[in-house]
Amino acid sequence: MRIMKPDYYEEFACSAAACRYTCCQEWNIAVDEDTRKKWKTFKIPETVVGIDGFSAKTHLSDLTKRVQEGTIIDMGKTHICPFLNGDKLCNIVLAYGEECISRTCHTFPRKCQRYENHLEYALDVGCPEVLDMLWNKKAFSLEEGEVEELTGSKKELYEACEDMGQEEDLLFLIRQEAMKLIAREDIPLTKAWTMLFGLMLDFYEREELTSDYVQGMFSEKVLSQLKETVLKAQRDPIDHFTERNELFLDIAENYRRKELYAPVLKELTDRADWFELTEDDYTCRMCENFEDAWKILEPKLRLVMLENLYSGLLLPGGSLYSMVLKTEWMAIVLTCIRHALFLRWELDDFLTEEKAKDIIVVLQRMTGYSEADIEEYLENSFEEPVWSWGYLALIL
């Protein structure tokens, strides 16, 4: 079987108790059906204490709840997994071994997408350890190879794949060329993404699309013309800042209300509120001054966005329409990360690598929506789910 994976995939190892931002809190942890049934026969370890209504809860399954997407661990008001101990270790693993935890807990941040003739493995940048590996890379590279038999986590991820996508060569070609464009260091990241969206709209609006046409649009001649157009485009700096600020606050609203990711988010959202009332001259001056800090971080964000493109642009069963929406959504992700980094820099008058990484991890987790949720957000938040090119250019 043919598999594809980032060249650092095999290097990943969970840092467990040493993790600076545990994955056992502040987001939904899925419990697959097989694990949920198994948990009905396992008692809650004695080391699990302090749970509301603890006396009425006896088995692991009692600490789960049903939601629209399936079953998740019930974190209660603390938003922390009840099985997480003070040393950031899992009480289920300590009591019963790793074979007893849910598939999500066992495999995260590893991901797998299953197609007719190949598998694609990836890593989620919502994990600090993955981001650390990316941070030290000079380029995002993929490896391809053949394996006779899947073992370990690769086998587990393969068996968990519910959807199998068709081998639509044209869509894979678009993703391949999109990644080449975003990887180009001679084009600023936000400009490259604006160029990509223009191309995606062109493909989407054509009645008939061929591989020759796609390759022609990604040719150096066309890209040079598009690059010149994008670089020359003018925008009002205050309109640009205001839209980014409002978008960041909107994405953060639910997390802010529930006080999730507060150590990272609270000061940033409070500062975003403050900027809504501050003078335009100060805003413009700060945005200009931030450019030097952004240029240092831009190569790191380019790698993050390449990982997002590889693992998220074309999912099994995807279409050109879904790829356009994902291009928009990733533009929101990039915009919110960049804006959050700006707010942190403006508050501190500098930006440490540690704080920058924490912001990226949190924003990646906050925006880890399913395709259905992305479409719903775009439909509810904008006049049309497919944007005009001008709007994406405005936010980026």
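Does Lys-357 count as buried or exposed, or put another way, what is the relative accessibility of Lys-357? I opened my notebook with this question, and I keep in mind throughout that the model is predicted.

**Entry 1: the overall form.** I looked up the secondary structure before turning to single residues, and I found 16 helices and 7 strands in the protein. I then checked the radius of gyration, which is 22 Å, and this agrees with the value near 21 Å that a compact globule of 396 residues would have. Along the principal axes, the C-alpha trace spans about 65 × 55 × 40 Å. I also noted that, among contacts with a separation of 6 or more, 76% are between residues 24 or more positions apart.

**Entry 2: surface and charge.** I found that 49% of the 396 residues count as buried, while the accessible surface comes to about 19600 Å², with 47% of that area belonging to carbon and sulfur atoms. Counting charged side chains gave 46 positive and 75 negative ones, and the centres of the two sets lie 4 Å apart.

**Entry 3: the salt bridge of Lys-357.** Returning to my opening question, I read a relative accessibility of 10% for Lys-357, so this residue counts as buried, the cut-off being under 20%. Its salt-bridge partner is Glu-353, with the closest N and O atoms 3.6 Å apart. Both residues lie in helix α14, which covers residues 353–366, and they are 4 residues apart, about one turn of the helix. Glu-353, at 47% relative accessibility, counts as partly exposed. I followed the shared partners further and found that salt bridges join Arg-20, Asp-132, Glu-353, Lys-357 and Asp-358 into one network.

**Entry 4: two salt bridges involving helix α9.** A search of the whole structure finds 26 salt bridges, and I looked up two more of them. In one, Glu-220 pairs with Arg-184, and the closest N and O atoms are 3.0 Å apart. Glu-220 lies in helix α9 (residues 220–232) and Arg-184 in the loop between α6 and α7, so the pair ties together parts that are 36 residues apart in sequence. Glu-220 is partly exposed, with a relative accessible area of 47%.

In the other, the side chains of Lys-232 and Glu-228 meet at 2.9 Å, N to O. These two residues are 4 residues apart in helix α9, and therefore about one helical turn separates them. Lys-232 is exposed, with a relative accessible area of 56%, whereas Glu-228 is partly exposed at 43%.

How values were computed:
Residues are numbered from 1 along each chain as its sequence is written. This is a predicted model: local features need pLDDT of at least 70, side-chain atom pairs count only at pLDDT 80 or more; totals for chains, interfaces and linings use all residues. Side-chain values use heavy atoms; hydrogens and water are left out. The radius of gyration is taken over C-alpha atoms; the globule rule is 2.2 Å times the number of residues to the power 0.38. Buried means under 20% relative accessible area, exposed over 50%, partly exposed in between (1.4 Å probe, protein chains only). Contact means heavy atoms within 4.5 Å. Accessible areas come from the Shrake-Rupley method with a 1.4 Å probe; for residues, only the protein chains shown count as cover. Lys and Arg count as positive and Asp and Glu as negative; His and the chain ends are not counted. The place of a charge is taken as NZ of Lys, CZ of Arg, CG of Asp or CD of Glu. A salt bridge is a side-chain nitrogen of Lys or Arg within 4 Å of a carboxyl oxygen of Asp or Glu.
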